[in-house]
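Me: Please go through this structure with me, beginning with its cysteines and ending with its overall form.

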Amino acid sequence: MSQSPTEQGERPEDGYLDAFAELSQRIRDGQSFSGHERNCAFLNRGDGRFADAAYALGLDADDDGRGVAVADFDGDGDPDLAVTNRTAPRLRLLRNDLFAGARTLSLRPTGDPALGCPRDAAGARVEVELAGGRTLHRTLALGDGFASQSSIWLHFGLGADGEVAAVRVRWPGTGGVETFTGVRAQGRFVLEQGTGEAAAVPPPSLAAPLAAGAPPLPAETEVARIRLSQPLLLPEGLGFESAEGGRVALEELTDAGPVLVHLWASWCAPCLGELAEFAAAGGKLRAAEVTSVALSVDKMGDGRASEAEIAAALQATGFSGRAGYADAAFVGAVERLVEEALYRHRGFPVPTALLIDKGGWLTVVYKGAVTPERVLADAAKLGLGPDVARRESVPFPGRWTGDLFASHPVAVAAAFREGGELRDAVEHLQGFLAEHPVPPGSQLPRKQAAQLADVHFHLGDILAELGERRDALNHFRAAERFGGGAGRATLRRILALAEAGELEDAGREARALLDRSPADPNVLALCGDIALLENDAAAAAAYFDRVLAVDPRYVPALVALVELRAGSGDPGVRDPGAALRHARFLMGAPGADQNAEFVGAAANAYRAAGMAAEAERALARARELGYEG
């Protein structure tokens, strides 16, 4: 589960966003939102303690429950439960059947605005005094649970022999206390403010009785049509090896119109069937100006088929479109984009087809076999605007709410960046900024300003990675402006200033921040990074030591100290024992053995400590992961 931050920094929302991102990734990986925690129902024992009676009551479902509402759905006088879940069933209705002879009462207070109480009577407190002297209390609440609203009818359980002696309502506002007559057990009554007389109403009736049943679950399938509500622009230069030799850039094909890419394998019977269907429908596809491309994935596997065998299998289907071979770069680039757009994406099966609109916009993903009729229907809806795209992306009619489902530009840019397409990431973020100009002196809503700050920050970070430090500085300044001042954009701007050679100015700003926040690990780490750029290893090590004194798990400081203590030429800084200690602590983190930087740093620590065999193994592993140090 995600954890709430234990400390509040300058941007406390960052901790929540990071935790939510980790939680989202777990859901994408197929894990439960709450770790399969069963529902609880607590019984008041009457002695100040509670017992979990969920199992005995049949409420302990493993459902990832979220909201719960109480209402008398079947009109029998007792309260039933409706529970919403993140997993199937999305809604579970739990019918309550009281034992024979149990007596109940349902009351609905209704206010009179002329008497100072709104009609909904939110906050009204109803007291039911029983003949034996016991008094029951209920308060009418609006929004009485997480994402839930129970019935505004207040339920009272009177026991087997409870008789009503008096009913009083404490009205919110200036209504005072009002006593009502005419209330009796086993009834439903409206308590209208100012009347003093309860009005009986009949219970609700159902067209059919509520019966227990299991939710029908669809069979698992690898077949799915995914129409993206916002098409994704494929990376520039993305291409494939042609079966005729040479390399073909996908944009050369999409410049002329839509392209349907089939990912298939010679050993896959559904793939061959799909290609045969599209071969038979070739005339219709050409009339719709859709270009078909069949890309074999055989070369990505264990080499089960030669090029001759692949060509023979394709020829047997009658397919006459373009043909070639998919590689890891092609499939990986598309998958990274799809992973950002879909909450749950488990890779592409074969066959998979990709409908790419003119200009290189990935619009529809077909997992599993698809028919020519389905593709032609989708192709007819290309280029008709965002409203059509959104409407086509859902399997049911409904109304969309503004930009609720808008892709965050940073998420798409992050997918480009992860695949090494830094220029595509820059162009995507620059395109977003061009589409969302901000007039000078405008006062933006907080949400919009925060998004612009995020875009400028990440754009600056990518430009700095590309070595375009002056442009990066400008975007970090913009991130500061939209973000409302000091924060991560300020720290990153100062570091970019130092990386651009303005060490004196950067050092002065960093020290000023440190004077204001002497125990802030982020500021201390910034000072350490600037000291490294100044080639002052001793000062850098001192700053990073101070970071770990505040936060022993601060990863950038741990990595920096491993490298400094293992490889510094300054005898006052070099300390192989400390380097090894930090490296072992670092490698104890979950997933550390999958991080090239961590494993490479550990290799350097092993080497400095004279552990040659361990250093050699760690370095080999680091290079497998892409380490270049």
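Reply: A disulfide is taken here as a pair of cysteine sulfur atoms within 2.5 Å. The model is predicted, so that local features need pLDDT of at least 70 and side-chain atom pairs pLDDT 80 or more, while totals for chains, interfaces and linings use all residues. Residues are numbered from 1 along each chain as its sequence is written, and side-chain values use heavy atoms, without hydrogens and water.

Me: Which cysteines form a disulfide?

Reply: A search of the whole structure finds one disulfide. Its sulfur atoms are 2.4 Å apart, and the link is right-handed, with 80° about the S-S bond. The partners are Cys 268 and Cys 271.

Me: Is Cys 271 buried or exposed?

Reply: Buried means under 20% relative accessible area and exposed over 50%, with partly exposed in between, for a 1.4 Å probe and protein chains only. The disulfide partner Cys 268 has 4% and is buried. Because its relative accessibility is 1%, Cys 271 counts as buried.

Me: What radius of gyration does the protein have?

Reply: The radius is taken over C-alpha atoms, and the globule rule is 2.2 Å times the number of residues to the power 0.38. For 629 residues, a compact globule would have a value near 25 Å. The C-alpha trace spans about 90 × 75 × 55 Å along its principal axes, and the radius of gyration of the protein is 33 Å.
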